[in-house]
Amino acid sequence: MKKLYFLTVSIFLIGFSLSAQDVKFGVIGGINLSNVDYTSTYFDYSSRISFHAGVYAEIDINSKFSFKPEILYASIGQVYKGDLRDYEYYGFDSVIYEDASFKSVYKNNYLQIPLSVKWNLLDNFSLNFGPQLGFLLNSVIKSTGLNENEKHEVSGDIELDYGATLGVSYNLTEEIVVGVRYYRGFKNLYQNSFIEDHTKAYNSVFQFSASYAIF
């Protein structure tokens with residue numbers, strides 16, 4: 001099934017490129033401000049700052065619209081800070097753990113494929129929207145505090161994420177474009193997990209990007 005997703009997207013992009021008369025290709029990269037939206041208030045995570053980088057094609061449809069598929073490597077996730085003394089079940093010797101505070105950084109590394117429609121509203125100003133597919137490559141959790149540092153990495157079957165993007169962009173020159181967009185995942189990250197009985201979770205990412213058209 002996962003191979004089918006890759007094949008479908010690849011055929012779609014190639015077919016669109018071959019049929020287009022005016023195509024730009026370039027590189028894109030920038031900053032991610034990511035978190036996970038939970039349906040439960042039990043979780044109290046903060047945003048993680050990370051990065052994305054990749055390539056894009058911009059295919060003109062007419063004077064007002066163009067199609068802009070991208071292939072990105074994006075590291076997203078969240079940060080959790082806490083203190084075990086805030087929990088009622090804190091029961092170990094506080095002399096041993098003089099500082100019971102801890103910090104965990106959740107790094108989820110994706111291959112993302114935004115499939116955006118670019119709507120040219122004004123001179124050099126555009127509205128961008130469309131679906132996005134994401135394939136989770138691996139997850140890394142780094143924890144500090146409690147007098148120790150830990151790192152856990154999980155790699156396995158590629159997991160699919162999907163959702164929609166909405167953003168704006170501005171052409172500084174014919175080659176250089178800057179923009180910001182928001183991605184909201186529709187796939188419950190806790191699907192097929194025992195945690196799903198208690199809460200649901202969805203990726204939530206702001207991306208600040210700059211792109212350069214090579215040719």
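**Space inside a stranded protein**

Student: Hi! How do the residues of the lining of the largest cavity divide into nonpolar, polar and charged?

Tutor: Six are nonpolar, eight are polar and three are charged. Keep in mind that this is a predicted model.

Student: Good to know. How many residues line the largest cavity, and which lie nearest its centre?

Tutor: The lining has 17 residues, and K68, N128, S169, G179 and R181 are the ones nearest the centre. As for elements, β3 (65-83), β7 (159-171), β8 (176-185) and β9 (201-213) each give two or more residues to this lining.

Student: Which of those elements gives the largest share?

Tutor: That would be β8, with five residues.

Student: And how much space lies in there?

Tutor: About 170 Å³. 

Student: How many cavities of 30 Å³ or more does the structure hold?

Tutor: Just one. In general, rolling a probe the size of a water molecule over the atoms is what shows where empty space is left.

Student: OK, switching to pockets. What volume does the second largest pocket have?

Tutor: Its volume is about 230 Å³. There are 18 lining residues, and those closest to the centre of this pocket are K24, E58, K118, N120 and N171. Two or more lining residues come from each of β2 (46-60), β4 (101-122) and β5 (125-145).

Student: What's the class breakdown for the lining of that pocket?

Tutor: Five nonpolar, seven polar and six charged residues.

Student: Back to the strands. How many bridges join β8 to β9, and which way do they run?

Tutor: Nine bridges join them, and the two strands run antiparallel. For one pair you can find in the viewer, I176 has Y212 in β9 as its bridge partner.

Student: What about β1 and β9, how many bridges there?

Tutor: Strand β1, residues 23-38, is joined to β9 by 13 bridges, and this pair runs antiparallel too. Look for V36, whose bridge partner in β9 is N203.

Student: Zooming out, how many helices and strands does the protein have?

Tutor: One helix and nine strands. From the N terminus on, the order is α-β-β-β-β-β-β-β-β-β.

Student: What percentage of the residues is buried?

Tutor: Of the 215 residues, 40% are buried. The accessible surface comes to about 12600 Å², and carbon and sulfur atoms hold 60% of that.

Student: Last one: among contacts between residues at least 6 apart in sequence, what share joins residues at least 24 apart?

Tutor: That share is 64%.

Terms used
Residues numbered from 1 in each chain as written. Predicted model: local features only at pLDDT ≥ 70, side-chain atom pairs only at ≥ 80, totals over all residues. Heavy atoms only, no water. 1 Å grid on protein atoms, 1.4 Å probe; cavity = no way out; pocket = protein on both sides within 12 Å on 5 of 7 lines; lining within 4 Å. Points joined across faces, edges and corners; volume = space filled by probe spheres on them. Helix = DSSP H or I, 4+ residues; strand = E, 2+ residues; numbered from the N terminus. Nonpolar A, V, L, I, M, F, W, Y, C, P; charged D, E, K, R; others polar. Pairing = 2+ DSSP bridges. Buried < 20%, exposed > 50% of the residue type's maximum accessible area, 1.4 Å probe, protein only. Contact = heavy atoms within 4.5 Å. Areas by Shrake-Rupley, 256 points an atom, 1.4 Å probe, with all protein chains shown as cover.
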